[in-house]
Amino acid sequence: MSPLMEIWRGGTDWRMVLVDQRNHGSSADLEGLYPPHDIVNAAQDLANLVKSQGWDWPDVVMGHSLGGKVALQFAESCARGDYGESAALPKQEQLLVLDSVPGKVNPENSDGEVEKVLETLQNLPSSVPSRKWLVNHMMELGFSKSLADWIGSNLKKSGEHETWSFNREGAVEMFNSYRETDYWSLLENPPQGMEITIVRAEKSDRWDPDVIQRLETLAARQRNASEGTVAVHLLPNAGHWIRVDNPKGLLDIVAPKLASLG
């Protein structure tokens with residue numbers, strides 16, 4: 001049984017929402033998600049969703065890669081009052097940022113795996129014969145089986161062929177925004193009651209030693225009661241695609257964070 005299932009069996013009344021960001025999944029076909037396709041607007045989309053559904057503001061926000069920076073932007077905008085007076089962060093807030101560099105990304109500090117994936121997808125036709133064909137094609141180009149399978153999961157049936165379940169051009173715009181945004185100031189001064197947890201994948205190619213040292217220094221800093229905190233975890237045996245490489249190890253990190261709010 002996974003640690004997350006153990007939390008649910010323990011009687012904790014959680015509502016979890018998996019959001020398709022703009023240009024991704026079911027949101028790719030939604031009207032009203034206007035450009036620019038960037039981190040700020042992606043976070044605004046999340047706030048708009050909460051408001052439109054009449055939900056309480058979330059106790060936990062978790063995002064991977066680009067989604068990690070969306071989570072950081074969401075927290076920063078809530079704390080700053082950008083979403084209005086009703087956007088009140090809970091007294092205890094967990095922000096989980098999964099293998100997402102919090103500052104600007106220097107392309108020279110990466111082997112460009114994400115860039116290679118995006119470039120490859122842009123060069124593929126808008127429809128492909130089948131998911132199996134795509135997986136085999138990606139493996140022939142040198143991508144791992146697990147990554148190729150995950151890319152194949154982003155297809156949807158359209159007649160006799162498969163088409164993409166996301167807007168490739170919009171996704172590239174969002175990735176460029178990811179590289180340019182910087183949230184070190186939020187980590188330096190996290191809002192009261194907020195714990196920002198950075199999960200770094202052990203084999204990920206995007207972590208500069210200076211960035212790792214800066215994060216560890218922030219995590220070790222003694223803070224007073226008026227400040228939030230920063231925690232850093234290393235996920236072993238995982239590259240950037242953590243939910244493919246080591247999902248159980250990820251749950252072992254995430255589940256206690258959720259349990260602490262139960």
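Is Asp99 buried or exposed, going by its relative accessibility? In this predicted model, Asp99 has a relative accessibility of 0% and therefore counts as buried, the limit for that label being under 20%. Along the chain, Asp99 sits in the loop that runs between strand β2 (93-98) and helix α4 (113-123). The side chain of Asp99 has a partner in Trp207, and a polar contact of 2.7 Å joins the two. Leaving aside residues up to four places away in sequence, the residues that Asp99 touches include His64, Ser65, Tyr178 and His240. Val199, Arg200, Ala201, Ser204 and Arg206 are also among them, as is Trp207 itself.

A sheet comes next. Three strands make up this open sheet, in the order β3-β5-β4, and their pairing is antiparallel. The edges are taken by β3 (127-128) and β4 (155-158); each has a single partner strand, so one side of each lacks a neighbour in the sheet. In general, strands of a sheet pair through backbone hydrogen bonds, in either a parallel or an antiparallel way. Between β4 and β5 (residues 161-164), which run antiparallel, there are four bridges. Within this pair of strands, Lys156 is found opposite Thr163 of β5.

Charged side chains also meet in this model, which holds 11 salt bridges. One of these salt bridges links Arg80 with Glu76, with an N to O distance of 3.5 Å. Both residues belong to helix α3 (residues 66-80), and because they are four residues apart there, about one helical turn separates them. The two ends of this bridge can be described in turn: Arg80 is exposed, with a relative accessible area of 52%, whereas Glu76 counts as buried at 16% relative accessibility. The linkage also takes in Asp82, as Glu76, Arg80 and Asp82 are connected in a network of salt bridges.

A further salt bridge is found in helix α6 (residues 145-152), where Asp149 and Lys145 are four residues apart and so separated by about one helical turn. The closest N and O atoms of Asp149 and Lys145 are 2.7 Å apart. Asp149 counts as partly exposed at 33% relative accessibility, and Lys145 is partly exposed at 45%.

Glu227 and Arg223 offer another example, their side chains meeting in a salt bridge at 3.8 Å, N to O. Here Glu227 is partly exposed, with 24% relative accessibility, while Arg223 is buried, with a relative accessible area of 17%.

Notes
Residues are numbered from 1 along each chain as its sequence is written. This is a predicted model: local features need pLDDT of at least 70, side-chain atom pairs count only at pLDDT 80 or more; totals for chains, interfaces and linings use all residues. Side-chain values use heavy atoms; hydrogens and water are left out. Two strands pair if DSSP finds at least two bridges between them. Helices (H or I, at least four residues) and strands (E, at least two) are DSSP runs, numbered from the N terminus. Buried means under 20% relative accessible area, exposed over 50%, partly exposed in between (1.4 Å probe, protein chains only). A polar contact is a pair of N or O atoms within 3.5 Å; within protein, one must be able to donate a hydrogen and the other to accept it, and residues adjacent in sequence count only if both atoms are side-chain atoms. Contact means heavy atoms within 4.5 Å. A salt bridge is a side-chain nitrogen of Lys or Arg within 4 Å of a carboxyl oxygen of Asp or Glu.
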